[in-house]
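I opened the notebook to look up a few packing details. Entries follow in the order I checked them.

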Amino acid sequence: MTTSFQDVASGTAAWHRQERRQRRHVQWRQFRRGIALPALVFALWWAAYAFHWTDSRLFVPLGEVWETAVRLLRNGYLQTSLAASLYRMLLGFAIGSVAGLAFGTVLALSRLFDNVVGPTLHAVKQVSLLAWIPLISVWFGLGDPAKIVFLSLAAFFPMFLNTFEGIRSVPREFTEVARVLTFSRWQLWRRVVLPAASPSIFTGIYLALIYSWLATLGAEYLLSAGAGIGNLLTDGREHFWMDQVLLGVVVVGAVGFALNWIAAHLEARLLRWRGKSIARY
Amino acid sequence: MSSIPILDRAHAGPLAEAPERRPAPRPPRGARVLPKRTAFRFNSARLRRLLLAWPFPLAVLALWWTATANDWVPSQILPAPSVVADTLRDLLASGELQMHLAISLERVVYGFLLGSLLGLLLGVGMGLSVVVKEYLYPTFRLLAQVPSLGWLPLLMMLVGIDEALKIILISKAAFVPVTMNTYKGIQGVSAQLVEVARVFRFSRWQLLRKVVFPAAFPPIWNGVRYGLTHAWLALVAVELLASSEGLGFLMVYGRQLYQLDVVLAAVVVVGAVGFLLDRLLTQFEGRLLRWRRESF
């Protein structure tokens, strides 16, 4: 008996079907298991409210958090706070990361500059970020300028360190090939050094984004003038409005997630030429 | 760090300018000289590094000193370096600094130990077991999205501003990077190594002990180092916001009284301790890795 083309085709189709079913099964299992713990927490939360297990003021039902979200959106408080925080964060991030990129590049390319300024920068880096706030508050006040200075500082160091590391670890073979091909300085920079250093630079951007978001919160707690998500949180805590605090935590998490997502997609897009990594994670 | 003078013109010179046209092609200058004088060059490079590191901070210090000596800035905004040094000495002599430092260090050590132990447990669990990973990883990621400072107001409401708040916040700060790196480190152990272990019919314990943990050690240790850095960051944050002792409190106190010399002295101490903690872990890593190399 011979195997016809149809037999083979239907066999392959069946195999593909099974593969797809298998994958869907795994995805469904992952979803089910991933959702289990949060679902349990929410169920307990709801049950605690429904069966009056506690009457603490700190305990608010889920619905109230939602109502607060709607209320704060209606009167625009949430939007103004978020906009103020994001504006500050992005401005600080832009200044700090550009400065970090510039310093990292110059220090990586020039040994002399590295020897002169490097040790000082590495010493300054050791000071825990938030320890600068008392000084900054004296020098720049409590308003936006102080916050932006602090945020630039927060974004500067991760960017500087990763740019430096990325450019310093461009394999020597690459630059040698470029020299054999008599690349101009600009070509060497544009075609060899920058692409080879870009993964590390992107790590720097990631970290700078995360740190400047963290620093935004810190700055808004400690330099408490003006609006912002940090002020929204502090406000809620001082008045014992648990619903507002919980809402603030959710918003903070959502912004962190969004920043990560944007950075990941930007990286995927800009580093498309690298192709898929074969690393397993 | 390897020496790669990438855009050094002196280095790029001979090869870039078509060396084969020369009558007697000589090897590039660096290649001829280097082998003979390596030791000397190494030493001189070190010496140069040491010498060059000083002018810049000294210049800043000199500027600072001139600025305060000529009253360019009021001393409330920027006290003279000598005043800061005096304050530091006074704080040390009176034992005040040691007291605050001891409290801060105790908090960091407890928080960091708690957080990193839990992180190691969870990371190892998620790395080794698909079931654990599928149940806990999404929730972990969700919670990790909120930076430690975001949790602070919530925690303040739930547990008050006592010692518990500090320990919880610091351990959370250490917990996230340790968990993440442990998990990724174990996931990243190359399949070939595990296959070899299978061929040798290693038991599960042998596989973990001899293959997985040694191979995953560098990323895990990285996580521990990040964890300590984050713990230190969180400590300063929580002490600035809610504390009546510790280094962070010392800063707030100095700031409130407009005694910037106290603030600056505390900043110096915070930097020095951060540096020493990181140094300690690096040294420890060297130990651990040396041991690992000997055992194979």
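At what angle do helix 6 and helix 12 of chain B pack, and how far apart are their axes? I note that the model is predicted. I looked up the pair: helix 6 (residues 96–128) of chain B meets helix 12 (residues 247–256) of chain B at about 130 degrees. Their axes are 7 Å apart. Angles from 65 to 115 degrees count as roughly perpendicular and those over 145 as roughly antiparallel, so I logged helix 6 of chain B as oblique to helix 12 of chain B.

Next I listed the residues in this contact. Helix 6 of chain B brings His100(B), Leu101(B) and Ser104(B). Helix 12 of chain B brings Leu247(B), Phe249(B) and Leu250(B). I sorted them into four nonpolar, two polar and no charged.

Then the core. The largest nonpolar core holds 121 residues. I found the most contacts inside it at Ile170(B), Ala231(B), Val236(B) and Ala266(B). I followed Ile170(B) further, setting aside its neighbours within four places in sequence. Ile170(B) is in contact with Arg107(B), Val108(B), Gly111(B), Phe112(B) and Gly115(B). Ala231(B), Ala234(B) and Leu235(B) complete that list.

Last, the contact between the chains. I have 58 residues from chain A and 52 residues from chain B. On the chain A side, helices 1, 4, 5, 7, 8, 9 and 10 each supply at least two residues. Helix 8 of chain A gives the largest share, nine residues. I split the chain A side into 35 nonpolar, 14 polar and nine charged.

Methods
Residues numbered from 1 in each chain as written. Chains lettered and ligands numbered in written order. Predicted model: local features only at pLDDT ≥ 70, side-chain atom pairs only at ≥ 80, totals over all residues. Contact = placed C-beta atoms within 7 Å. Helix = DSSP H or I, 4+ residues; strand = E, 2+ residues; numbered from the N terminus. Nonpolar A, V, L, I, M, F, W, Y, C, P; charged D, E, K, R; others polar. Core = buried A, V, L, I, M, F, W, Y, C linked by C-beta atoms within 7 Å. Buried ≥ 20, exposed ≤ 12 C-beta atoms within 10 Å, placed from the backbone. Axes fitted to C-alpha atoms, helices over the stretch in contact; angles between N-to-C directions. Parallel < 35°, antiparallel > 145°, perpendicular 65-115°, else oblique.
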